[in-house]
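Colleague: I should like a close look at a single part of this model, namely its metal site. Please describe it in one connected account, together with the parts of the chain that bear on it.

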Amino acid sequence: MYYDYHVHSNFSSDSDTDMKDTIERAIDIGLKEICFTDHIDYDYCDPTINFDFDINEYTDYINKMRKLYGNKIKILKGVEIGIQSHIIEKCEDLVDKGKFDFVIASIHTCDRKDLYNGDFFIDKSPKESYSKYFEELLKCVKAFDSFNVVGHLNIIIRYNEAVAKENIRDYYNIIEEIFKTLINKNKGIEINTSGYRYKLNDFMPSYDVLKFYKELGGEIITLGSDSHVVDTLGTKFDYVYEVLKYIGFKYITTFENMEPRFIKI
Ligand SMILES: [Zn+2]
Ligand SMILES: [Zn+2]
């Protein structure tokens, strides 16, 4: 039984997909639950893109979907918030008002520069880029309280080939601090399988990092395809379950009203 907890719809400015189509596909492939996590990124560094939407409209549409499909699949209302250390208060307010089931905190912008278009990497060595990214993430997870998991933990490897060649073990000190902060705050991480659509051909974070999370006592893990179109729902979830079991994880986590529930795998 699979639970896709990272799915975008046309409430995100980078997706054209109607929730209806996604839900029908989710039912077809037998997903037990689907959680929409559309983008809200305040102070996004590219002013031509508006990663924001009307929460009331979003809630109404999800309620409508629940009426139509609620007997076939459980539909959760989530959000993927783009975190930056200078906007944490605004993010707290949003979650307070939004009454979400589930909140992913993700870094898309670092140092007020875009990871996606590569601006962030200009004038930085791969080591500087990686360190800066994890320092910003640590700052954010320390300051931010209103979220459940960190999204796509080492996403920056997706956007820069030189960074992708770095040995992640060189950053275990700071990753340890990030994980310990999350564990103490009862937060977790997601396994994001979108890497299979890109050159990475792996999930994020990778096997070694997941193992490290487990060794430190990490238990909360959600699974998400980060789909923006219907075809990628549930990508590689069967494989990820096997990997999780192999590492020694016994549960994956789902959320309702921000409360975790542990599902045996
Ligand atoms: Zn993201
Ligand atoms: Zn996403």
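**The zinc site and its surroundings**

Modeller: H8 and D226 are both buried. The model is a predicted one, and these two residues offer a convenient way into the site.

Both belong to the shell of the zinc ion (ligand 2), whose protein donors are H6 (NE2), H8 (NE2), E80 (OE) and D226 (OD), at 2.1 to 2.2 Å. Along the chain, these donors are spaced as H-x1-H-x71-E-x145-D. H8 and D226 link distant parts of the chain: H8 is in the loop between β1 and α1, and D226 in the loop between β9 (221-224) and α9 (237-247), 218 residues apart. The angles subtended by the 4 donor atoms run from 81 to 169°, which makes the arrangement irregular. For four tetrahedral donors, the ideal angle would be 109.5 degrees.

The zinc ion (ligand 2) has a partner. The zinc ion (ligand 1) lies 3.5 Å from it, and E80 bridges the two. The zinc ion (ligand 1) is coordinated by E80 (OE), H108 (NE2) and H152 (NE2), at 2.1 to 2.2 Å. Here the donors follow the spacing E-x27-H-x43-H. Because E80 lies in strand β3 and H152 in the loop between β7 (149-150) and α5 (156-159), this pair ties together parts that are 72 residues apart in sequence. E80 and H152 are buried as well.

How is H8 itself placed? Its relative accessible area is 1%, so it counts as buried. The loop that holds H8 runs between β1 (3-7) and α1. Its side chain makes a polar contact with the side chain of H6, at 3.2 Å. A polar atom of the H8 side chain also lies 3.2 Å from the backbone oxygen of T37. Leaving aside neighbours within four places in sequence, the residues in contact with H8 are S15, T37, D38, H39, E80, D226, S227 and H228. Two of these, E80 and D226, are donors of the zinc ion (ligand 2), as is H8.

Two helices may be followed outward from these elements. The first is α9, which follows the loop that holds D226. Its buried residues are F237, V240, Y241, V243, L244 and I247. They cover an arc of only 165° around the axis, which puts them on the same side of α9. They are covered by elements including β1, β8 (188-192), α8 (207-215), β9 and β10 (251-256). After α9 comes G248, with a positive phi near 115°.

The second helix is α2 (residues 55-69), whose buried residues pack against β3 (74-82), and also against α1 (19-28), β2 (33-41) and α3 (88-98). E80, the bridging donor, lies in that strand β3. The buried residues of α2 are I55, Y58, T59, Y61, I62, M65 and Y69. Seen down the helix axis, they fall within an arc of 165°, so they line one face of α2. The face turned away from this buried side carries the exposed residues N56, E57, D60 and K67. At the N-terminal end, D54 caps α2, with a side-chain oxygen 2.9 Å from the backbone nitrogen of N56. At 1.5 Å a residue, the 15 residues of α2 should span 21 Å, and the end C-alpha atoms are indeed 21 Å apart.

Technical notes: Residues numbered from 1 in each chain as written. Chains lettered and ligands numbered in written order. Predicted model: local features only at pLDDT ≥ 70, side-chain atom pairs only at ≥ 80, totals over all residues. Heavy atoms only, no water. Helix = DSSP H or I, 4+ residues; strand = E, 2+ residues; numbered from the N terminus. Expected span 1.5 Å × (residues − 1). Buried < 20%, exposed > 50% of the residue type's maximum accessible area, 1.4 Å probe, protein only. Arc of directions from axis to C-beta. Contact = heavy atoms within 4.5 Å. Polar contact = N/O pair within 3.5 Å; in protein donor to acceptor, adjacent residues only side chain to side chain. Donors = N, O, S within 2.8 Å, 3.2 Å for Na, K, Ca; no water. Tetrahedral: all angles 85-135°; square planar, octahedral: opposite > 155°, others 65-115°.
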